[in-house]
Amino acid sequence: MKPRVLVVDNDAAMVDMLRGHLEAEGFEVVTATSGADAKAVLAARELEVVLTDLVMDEVDGLALLRQAQLAPSRPRVLLMTAFGTLET
């Protein structure tokens with residue numbers, strides 16, 4: 001079974017680029033273009049990794065991190081952002 005990765009970003013082009021790279025490396029990739037959609041995926045699917053944008057409307061990457069910590073599969077979470085600050 002291939003490791004399953006959830007890619008989350010409100011930029012569809014970024015999601016497509018990451019999906020292509022990850023699939024080429026042998027991962028099964030599930031995608032979401034909003035934090036709300038990603039929360040539904042987290043609740044319904046077993047995942048090994050969540051790769052998520054930090055800054056998104058409604059549900060941000062930190063909220064997804066918190067939900068992933070409560071998910072039965074306890075996926076690893078990688079946060080990415082183009083808007084980093086020392087606080088984040």
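Biologist: Let me start with a loop residue: which residues does Glu-46 touch, not counting residues up to four places away in sequence?

Modeller: Glu-46 touches Arg-4 and Ser-73, where contact means heavy atoms within 4.5 Å. Before going on, a word on the source: this is a predicted model, in which local features need pLDDT of at least 70 and side-chain atom pairs count only at pLDDT 80 or more, while totals for chains, interfaces and linings use all residues. Residues are numbered from 1 along each chain as its sequence is written, and side-chain values use heavy atoms, with hydrogens and water left out.

Biologist: Where is Glu-46 found, and how far apart in space are Glu-46 and Ser-73?

Modeller: Glu-46 sits in the loop between α2 and β3. Helices (H or I, at least four residues) and strands (E, at least two) are DSSP runs, numbered from the N terminus. The C-alpha atoms of Glu-46 and Ser-73 are 5.6 Å apart, although 27 residues separate the two in sequence.

Biologist: What is the mean pLDDT of the protein chain?

Modeller: pLDDT is the predictor's confidence in each residue, from 0 to 100. Where it is low, the predicted coordinates should not be read in detail. Here the chain has a mean of 91, and 94% of its residues reach 70 or more. Confidence is lowest in α3, at a mean of 90, and highest in β2, at 97.

Biologist: Now the interior. How many residues does the largest nonpolar core have?

Modeller: In soluble globular proteins, nonpolar side chains tend to be buried together. A nonpolar core here is a set of buried Ala, Val, Leu, Ile, Met, Phe, Trp, Tyr and Cys residues joined through side-chain atoms within 4.5 Å. Buried means under 20% relative accessible area, exposed over 50%, and partly exposed in between (1.4 Å probe, protein chains only). The largest core has 13 residues, and Leu-6, Val-8 and Ala-38 are among those with the most contacts inside it. Two or more residues each come from β1 (4-8), β2 (28-32), α2 (35-44) and α3 (61-70); α2 gives the largest share, three residues. A second, separate core of seven residues includes Val-15 and Leu-51.

Biologist: Which residues of α2 are buried?

Modeller: An α-helix has 3.6 residues a turn, so residues three or four places apart point the same way. In α2, the buried residues are Gly-35, Ala-38, Val-41 and Leu-42. They lie on the same side of α2 because they cover an arc of only 110° around the axis, taken from the directions from the helix axis to the C-beta atoms. Ala-43 and Ala-44 are exposed on the face turned away. The cover over the buried residues includes β1, β2, β3 and α3.

Biologist: And which residues are buried in α1?

Modeller: Val-15, Leu-18 and Leu-22 are the buried residues of α1. Their arc is only 75° around the axis, which puts them on the same side of α1. These residues pack against β1, β2, β3 and β4, whereas the face turned away carries the exposed Ala-13, His-21 and Ala-24.

Biologist: Last, which value does phi of Glu-58 have?

Modeller: Most residues other than glycine have a negative phi. Phi of Glu-58 is positive, near 60°. Glu-58 is in the loop between β3 (49-53) and α3 and is exposed, at 79% relative accessible area. Arg-74 also has a positive phi, about 45°; Arg-74 lies in the loop between α3 and β4 (76-80).
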